[in-house]
Amino acid sequence: MSITRPLLDTPFIRRSNHLRTFITASWLGWQIESNWADPFLFAVYSIVRPVTSVLILVVMYSVITNGALQEPIFAYIYLGNALYILVGQVITGVSWSVIDDREHYRTLRQLYTTPMDGYSYLMGRGVARLIIGLISVLITIGFGMVAFQLPISIGTIDWLMLVISTVLGVLSLAAIGMVVGSLTLMLARHFWSLGDAISGALYLFTGAIFPLDVLPAWLRPIGFAFPVTYWLELARRAILGPNAAKFPTLSGFSDLELTGILAAITLALLVFSWFFYRWALHRAKENGIFDMETSY
Amino acid sequence: MDTNLAIQTKDLGRVYRLRGPKRKGDAKQLVALDGVNLEVRRGELFGLLGPNGAGKTTIIKILATLLLPTSGSALVEDLDVTRDVQEIRRRISMVSGGETSGYGLLTVEENLWMFARFYGLDNVTARKRIDSLLEVVGIADRKRTKISDLSTGLRQKMNFVRGFISDPNVVFLDEPTLGLDVTAARDVRGFVKQWMHDHPDRTVLLTTHYMAEADELCDRLAIIDRGKLLACDSPHSLKHRLQQDAIFNLKVGPLGPRPSRDAMIEAVPGVRQATVVEQNGHTELNLILAQEDVLSDVLAHLTRRGSSLISLEKREPTLEDVFIDLVGRRLDVDTSHHAEGEHAAG
């Protein structure tokens, strides 16, 4: 509370219900997600698990390619896989809160009789998982640089492009999370795995572990429709530099064009998720299932 | 619009569609509220008395903007529950009984602080109110205790503080003493009475199926059953309706096969209402008689059925008797499943 209190008392934030709700919900999410009381558990969750999962991929790659870790495709795969940690974390971080509050903590009714802004609340609840996800991404990339000599140089990273693309990517993921969370509001069953299922499906279609060209032509449009594809491409270009250009899928687009596409899709998703959330909330109240507990 | 009213409903209805077989035409519905007209004045502690499944919580959920009505209208402080959601939420709060809810890993203070922030209170005001309300409900020493470590009673007291921290104009208390032990329930009732005394311009809508609680707390109350409002008046006036009747509790020996309320009313003229409960080898009768001398006919009827009188008590009418008089059932009978059957539409 020590940081959050003075932040919330600044006049601008006090006046804005959206910001006040967002920051308070972020604080709550952090209390829930970062179980510092058990550092071992936290370390397993945020460090060991992502590193282990990327190691499985490395072993598989090594067996298939006979240990060709210096090939550009390895850095492509490794980086895509590391960055993809954020996809699952952000989408489920936002959408899971509905189930968490309704089924586990049973506070949905208490929360929604306050004048807080529901959209900002769910977005705020996702912040903690975003932070944990970012820590995991950094550790996984750092591990790759040390253990597998990934061709990454801190000095040559295009930080501006990396930050802009990641901000846009995270916002688009949060908007997808809002859509999933809104769907969850209308579902009376325990749809805890919806976020995981969506992020799992996107894994195949967004160029996370292989270039989109590998997919049959009729499947590629799915990848082009999702913002994750453009974010991963931009992040790879920012981190790997010329090595990223060795894969032709999006090489016809300049950095600026890709950023523009990513920004447009993100904006469209945010607008859509806002309307969809309001519609879903209305439907849930109309059907009488808004605060219906269905499990636990 | 009467500005003296804190709550007003007009022909309020709520129908739930029930999930059933997937074939067309099989959709069933549950009528939870059926044309409820309710007026609660500002400054009133108003009660909704009815058995489980009567529709009390449905009314509260609609008024607290958690549920949409399917027909009619509902206003809270002249604001429409379907349109003015945010403005209503700034003015209300809701506390439900039997809640095991809460972020167990937060302390009492953290949880209350968080809700104060959602209500838009600044830090200084929030802290001041948290300290003072915790003091009032007697759990100031538990401020830094994690919610998961609180007993049910203490958790409910914390929920009360949450409900009153925003200094609301209208408070909805949904079965607030449900699951509490006698002492905790008394403390909660004491808190509500004191708060109303200190804030005479505020309004409380209380739902309960404890008649003694409704009798003790409410200025006026409405009796509701199966989604319909049956009566609305002060507890005293409601009980006064039965002043001309004689009310008896009888404990008798077994009454033979299928003893029922209807059989008793049909067999003995002058029995206006009756409830029959069989337990532990004897039968308990709660009778509302048109005149006291009908009792001799009742006793003769019991003798004819081979039963014997174990004990007899004449008493003053209670709200439970009013409820029995109106619907012919005791208040502790859960009607939620009956309602579904009766109102099911094929």
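This report covers a sheet in chain B and the contact between chains A and B, in a predicted model.

## The sheet in chain B

Four strands of chain B build an open sheet. Their order is E12-E13-E11-E14, and the pairing is antiparallel. Strand E12 (271-279) and strand E14 (309-315) of chain B are the edge strands. Each of these edge strands pairs on one side only. On average, neighbouring strands of the sheet are turned by 15° against each other, direction ignored.

Now for one pair of strands. E12(B) runs antiparallel to strand E13 (residues 282-289) of chain B, and 8 bridges join the two. Within this pairing, Val271(B) stands opposite Leu289(B), a residue of E13(B).

## The helix across the sheet

Which helix lies across these strands? Helix H10 (residues 294-304) of chain B does, crossing strand E11 (246-252), E12, E13 and E14 of chain B. H10 runs at about 150° to E13(B).

## Where chain A meets chain B

Chain A gives 27 residues to the contact, and chain B gives 29 residues. On the side of chain A that touches chain B, four helices give two or more residues: helix H1 (4-8), helix H3 (17-33), helix H6 (108-111) and helix H13 (255-287) of chain A. The largest share, 7 residues, comes from H3(A).

What kinds of residues make up the side of chain A that touches chain B? That side divides into 9 nonpolar, 9 polar and 9 charged residues.

Conventions. Residues numbered from 1 in each chain as written. Chains lettered and ligands numbered in written order. Predicted model: local features only at pLDDT ≥ 70, side-chain atom pairs only at ≥ 80, totals over all residues. Pairing = 2+ DSSP bridges. Axes fitted to C-alpha atoms, helices over the stretch in contact; angles between N-to-C directions. Contact = placed C-beta atoms within 7 Å. Nonpolar A, V, L, I, M, F, W, Y, C, P; charged D, E, K, R; others polar.
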